[in-house]
Amino acid sequence: MATLGDLERSVMDLLWDAKSPLTANELRDQLAAPGDAQGKELAVTTVLTVLARLEKKGLVARERDIRPHRYTSVTSREEHTVSLMNEALGTVLDREAVLARFIGGISAEEAQSLRVLLETPRSA
């Protein structure tokens with residue numbers, strides 16, 4: 001799973017938060033909205049290039065049967081984060097050490113949530 005650049009992350013955040021699929025123009029307009037951290041005027045071709053990259057990475061699906069094409073995220077933000085975490089853990093020899101450092105950096109509330117999750121029986 002590839003990491004995301006700033007613009008890719010911004011596009012994915014909009015798609016993850018969207019209630020329905022969005023067009024490239026809608027994404028461009030939301031990215032250029034006042035108060036947006038990017039604050040840049042983007043060409044729709046730039047947004048289309050980012051969407052094509054995200055589609056190639058398997059993060060975005062395009063509805064091709066209507067024009068303009070509409071885009072939606074393939075997975076949730078949480079599923080993407082899990083994939084990144086699993087990829088990172090898969091590259092180290094001492095997973096326990098990495099997990100210990102991770103757990104050492106979380107809040108008491110997050111640690112309690114983790115305890116509850118670990119103690120909850122999982123379905124197969």
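## Exercises on a predicted fold

Read along the sequence, the protein chain runs α-α-α-β-β-α-α-α, with helices (H or I, at least four residues) and strands (E, at least two) taken as DSSP runs numbered from the N terminus. This is a predicted model, where local features need pLDDT of at least 70, side-chain atom pairs count only at pLDDT 80 or more, and totals for chains, interfaces and linings use all residues. Residues are numbered from 1 along each chain as its sequence is written, and side-chain values use heavy atoms, leaving out hydrogens and water.

**Exercise 1.** Place His-69 in the fold and classify it as buried or exposed.

*Solution.*
- Start with the loop between β1 (60-63) and β2 (70-73), where His-69 lies.
- Next, take its relative accessibility of 14%: His-69 counts as buried, a class that means under 20% relative accessible area, with exposed over 50% and partly exposed in between (1.4 Å probe, protein chains only).
- Finally, look at the side chains: a polar contact of 3.3 Å joins His-69 and Arg-62. Such a contact is a pair of N or O atoms within 3.5 Å; within protein, one must be able to donate a hydrogen and the other to accept it, and residues adjacent in sequence count only if both atoms are side-chain atoms.

**Exercise 2.** Locate Ile-103 and find its accessibility class.

*Solution.*
- Find helix α5, which holds Ile-103.
- Then read off the relative accessibility of Ile-103, 41%, so this residue counts as partly exposed.
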